[in-house]
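Subject: Structure handover

Hi,

Here is the structure I promised to pass on. Please open it first, then read my notes below.

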Amino acid sequence: MAYALVAVGYSLVFGILRLINFAHGSIFAFGSYMVFLFYSLGVPMIPAILIALVLSGLLAFGMDKITLEPLRKKNSETITYLITTVGVSFIIQNTLSVQYVFTSERQVFPSTNVFPPISIGNVTIQSSQLIMFVVALILLVILTLVVNKTKMGLAMRATEQNSKAAKLMGVNVNRVIAFTFFMGGASAAIAGALYSGYYQVVYPTMGYLIGLKAFAAAVVGGIGILYGSVVGGLVVGIGECLAAQYIGSNVRDPMAFVILIVILIIKPNGLFGKKGITKV
Amino acid sequence: MKKSSNRILSTFESFCYRFRYVFAVLFLVLTFAVPFMGLSMVNIQLLTLIALYAMLGMGLNVLIGYTGLVSLGHAGFYAIGAYTCALLMTKLSVNFWIALLLAGVFTAFIGFLLGLPSLRLSGSYLSIVTLGFCEVVNMILKQWESVTNGNYGVRGIPKPTVFGFQLTMFNGWLLVLILLLMGITGVACLAMRNSNTGRAWRAIKDDELAAGMMGINTSRYKILSFVVSAFITGIAGGFYCVTRDYIEPNNFVFNTSILILSVVIVGGLGTIRGMIFGAALLQLFPQWFRFLNEWRFVVYGLLLVLMMLFRPQGALGWRSTQPYHLSKYARKMLADKGEPEAPQPPARQ
Amino acid sequence: MSFLDAKNITMQFGGLTAVDGATFHVDKGEIVSLIGPNGAGKTTVFNMLTGVYHITSGEMTFEGQDLTKMIPQDIVKIGISRTFQNLRLFPKMRVIENVLVGTHIRNKYNFWDSLLRTPRFRREEAEHTVRAIEILRSIGLDHLRDAFADSLPYGEQRKLEIARAIATDAKLILLDEPAAGMNPAESAELLRFIRELKDKGYTILLIEHDMSVVMNISDRIYVLDHGKMIAEGLPQEIANNPRVIEAYLGGVQKNAESD
């Protein structure tokens with residue numbers, strides 16, 4: 001289910017820009033770190049998550065404004081966007097590792113990789129998974145509502161289908177995209193907090209593998225389609241469990257990619273993906 | 001300003017072109033002089049890495065720079081080449097030269113298989129599949145312990161020999177070998193680029209549909225591109241394994257793929273000069289900026305981002321200012337027909 | 001048996017019928033024009049003929065060979081080549097390289113020949129280069145031979161598309177609005193060039209909006225409206241055909257309303 005949460009973020013951005021945001025995994029880690037940071041500074045859990053949510057959203061927003069918007073102005077090739085997000089991902093991920101080594105937190109938590117368990121009443125670890133599930137559903141419903149019912153959502157869908165036409169109709173395309181990045185970043189922060197709460201760890205590269213797998217999940221479900229991401233997340237998650245059980249625990253991690261490759265070869269646009277007509 | 005820089009570039013390019021054979025001979029002489037130059041071990045290692053990554057860059061460039069297919073999983077090919085070569089040598093005691101060739105051929109075969117999905121997937125989807133491919137290769141290396149030794153890696157890789165003479169890092173002859181391999185790869189890439197094959201690749205990159213309408217079998221050329229790219233990368237992998245005593249799965253991870261990709265992008269997509277420059281820059285960078293400590297990688301990411309913002313074509317990614325080169329045959333044929341060789345203005349009526 | 005023969009060809013996209021049972025033929029050595037209001041389905045016909053779309057029903061043959069099941073690559077090989085309404089050059093390649101891509105299918109040397117630069121490679125490559133230069137000279141683009149395609153002005157890009165189509169050694173050339181974006185002097189020159197092509201033995205099927213071009217050059221004209229062939233005949237017959245006039249004027253009125 002954690003995959004579904006992260007996958008939604010990928011899906012949002014890809015849906016509009018046709019761009020794989022490689023920095024998404026690091027923003028996920030960043031969100032988790034921020035929660036950890038504010039929590040250890042004495043901020044209660046829920047406000048800490050909210051602060052992290054806003055900060056991650058702003059981070060993603062800033063990334064789009066500073067690095068991607070100039071590229072859009074120049075009409076750059078796809079690969080430049082791709083490399084840029086990889087670069088941003090490097091920056092975030094490694095800044096996290098640097099900060100982690102040098103800040104005083106290290107003394108406060110001698111076992112550096114332990115995330116304090118989320119304490120809502122006296123619940124056990126199992127319930128953190130339950131929370132993850134519920135939050136993912138709520139988040140999905142909220143995002144679906146935003147995309148389908150609000151004016152901003154309408155602008156988002158218009159931009160997705162034809163950004164030039166949307167621009168001519170008075171849609172501020174750059175603002176729409178920046179807003180999408182903000183939402184993607186915020187959802188990544190929530191996912192990060194919940195993930196860390198469940199596994200009780202936080203480390204700079206935590207976003208890498210889960211980011212890749214979540215992306216696989218998003219593609220499996222048909223990227224750009226929000227409920228597809230959730231189904232994709234479930235398919236990948238269940239596939240991993242089955243593989244771990246019947247083949248061996250070691251095949252767990254790459255299972256997402258095996259599923260991905262198989263699905264893409266059978267259905268190049270994912271399970272729920274749409275196909276376009278070639279125009280000449 | 002722009003005009004004058006263009007003129008300098010043009011003079012420089014025609015100079016390089018006129019003396020290309022001189023440069024080639026110079027390169028060969030310098031290459032074979034390496035073992036006698038008394039370079040320090042550190043420098044030998046650095047130069048070897050630069051040449052190796054230039055070669056890896058050239059391999060990936062065939063795919064991205066020529067055909068426009070973005071692979072994020074070249075570490076997978078690199079690993080297959082290295083492991084094939086290492087395992088053939090340690091387990092079956094195959095001679096290095098044969099093992100190297102087989103490593104290339106086997107990697108090319110895997111490239112063929114990975115090329116198949118490229119027929120149905122485009123753009124980002126293909127990138128993700130290559131990325132997944134790299135992860136799957138890594139998993140196989142870790143899990144298939146009876147063959148690959150798992151996380152422990154392959155150890156005791158022998159050094160190549162020529163008539164009983166051992167090529168090692170220490171005596172500098174391995175550096176000679178990789179410089180030669182890099183040189184051959186570079187020349188071969190240029191030969192492919194300026195031929196039917198290369199034109200078909202570049203046409204696919206520019207406009208796949210139009211390429212198909214010109215009768216180019218796009219499927220075949222896309223797969224060929226994968227095969228050639230994988231072959232070059234496999235050979236580079238085979239070479240890599242003999243520079244070390246052992247190899248392990250962690251030598252070939254996603255970051256390796258990104259490093260190779262960065263060589264291509266930073267140097268200049270679609271060029272050979274760019275691969276060498278990019279490899280040199282990215283290998284020297286960590287050396288020069290050692291004082292940055294952990295910030296090094298942050299700066300590295302920053303470099304990529306700034307590069308994309310201000311010079312997306314790469315450091316040396318300029319377009320040739322030279323006229324299209326007419327071969328001797330073509331010039332003769334034109335002369336035989338009594339037609340001028342130089343471009344002619346349109347006839348006005 | 002005509003050179004190119006299309007019987008009742010139909011193209012449906014979902015519920016929309018873009019081309020509805022069109023029947024036409026082109027004889028060897030002719031210049032035939034296909035005209036009609038915007039959205040009549042003219043370019044769709046080209047896409048059907050060149051295998052971009054798989055036709056829903058109907059028959060198409062070229063020199064007796066069935067085109068309906070062929071893929072674009074094979075259609076070029078049997079001698080049909082085209083240009084595009086929205087230019088589709090290879091922008092990052094040189095002008096001459098664009099034309100050389102056109103000669104691609106006439107290449108007989110293989111991958112290894114090019115890698116090893118065998119005499120066969122050198123000879124064939126030289127032949128194609130010379131041929132490319134000749135084509136460029138005939139269309140008046142040779143002075144731009146070394147330039148990159150994306151640096152060309154619009155009109156020259158159109159010419160380059162035609163040059164590239166000729167380089168495939170096609171017998172039938174489909175031109176999709178070749179005069180679009182050209183000034184009167186340029187389109188007059190284009191007219192002359194198309195006539196020259198005819199004299200050299202090429203057959204041409206043309207989509208064009210510029211009536212001065214169409215009326216001057218065509219041997220025969222077909223008129224397409226809403227996916228149906230509404231008229232066929234010599235230029236002067238078409239000019240006086242009431243149905244054609246209605247289709248065009250009706251189109252104008254509709255445009256006026258929507259504006």
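What share of the 280 residues in chain A is buried? The figure is 50%. Bear in mind throughout that this is a predicted model.

**Chain A**

Chain A has twelve helices and zero strands. Read from the N terminus, its elements go α-α-α-α-α-α-α-α-α-α-α-α. Take the contacts in chain A with a separation of 6 or more: 75% of them are between residues 24 or more positions apart.

The largest nonpolar core has 273 residues. Which of them touch the most other members? They are A:Ala216 and A:Leu260. I looked at A:Ala216 more closely, leaving aside its neighbours within four places in sequence. In chain A, its contacts are A:Val236, A:Ala256, A:Phe257, A:Ile259 and A:Leu260. A:Ala216 is also in contact with B:Gly132, in chain B.

**Where B meets A**

That leads to the A-B interface. Here 32 residues of chain B are in contact with 39 residues of chain A. On the chain B side, three helices each supply at least two residues: helix 6 (123-143), helix 12 (254-267) and helix 14 (295-310). Which helix of chain B gives the most to this side? Helix 6 does, with 13 residues. By class, the side of chain B that touches chain A has 22 nonpolar, six polar and four charged residues.

**Where B meets C**

Chain B also touches chain C. There, 34 residues of chain B are in contact with 40 residues of chain C. Four helices of chain B each supply at least two residues to this side. They are helix 8 (173-193), helix 9 (196-206), helix 10 (208-213) and helix 15 (328-336). Helix 9 gives the most, with seven residues. The side of chain B that touches chain C divides into 21 nonpolar, eight polar and five charged residues.

**Inside chain B**

How is chain B divided? Domain 1 covers 1-26, and domain 2 covers 38-336. The centres of these two domains of chain B, taken over C-alpha atoms, are separated by 27 Å. Six residues of domain 1 of chain B are in contact with four residues of domain 2 of chain B. The domain 1 side of that contact has two nonpolar, three polar and one charged residue.

One residue in chain B got a separate look. B:Thr161 is found in strand 1 (residues 161-162). Why does B:Thr161 count as partly exposed? Because it has 14 C-beta neighbours inside 10 Å, and a residue is exposed at 12 or fewer and buried at 20 or more. Leaving aside its neighbours within four places in sequence, B:Thr161 is in contact with B:Gln166 and B:Leu167. B:Phe96 is 65 residues from B:Thr161 in sequence. In space, the two are 7.7 Å apart, C-alpha to C-alpha.

**Chain C**

Chain C comes to ten helices and ten strands. Of its 259 residues, 48% are buried. Of the contacts in chain C between residues at least 6 apart in sequence, 67% join residues at least 24 apart.

The C-alpha trace of chain C spans about 60 × 40 × 35 Å along its principal axes. How does its radius of gyration agree with that of a compact globule? A compact globule of 259 residues would have a value near 18 Å; chain C has 19 Å, so the two agree.

The domain assignment splits chain C in two. Domain 1 is 1-79 + 170-259, and domain 2 is 87-165. Their C-alpha centres lie 27 Å apart. The contact between them takes ten residues from domain 1 of chain C and seven residues from domain 2 of chain C. Which elements give two or more residues to the domain 1 side? Helix 2 (72-77), strand 7 (172-176) and helix 7 (184-199) of chain C. That side of domain 1 has seven nonpolar, one polar and two charged residues.

**One gap**

The interfaces above are given as residue counts. Interface size is often given another way, as the accessible area lost when the parts come together.

Over to you.

Best regards

Note on methods
Residues numbered from 1 in each chain as written. Chains lettered and ligands numbered in written order. Predicted model: local features only at pLDDT ≥ 70, side-chain atom pairs only at ≥ 80, totals over all residues. Contact = placed C-beta atoms within 7 Å. Nonpolar A, V, L, I, M, F, W, Y, C, P; charged D, E, K, R; others polar. Domains from an automatic or database assignment. Rg over C-alpha atoms; globule rule 2.2 N^0.38 Å. Core = buried A, V, L, I, M, F, W, Y, C linked by C-beta atoms within 7 Å.
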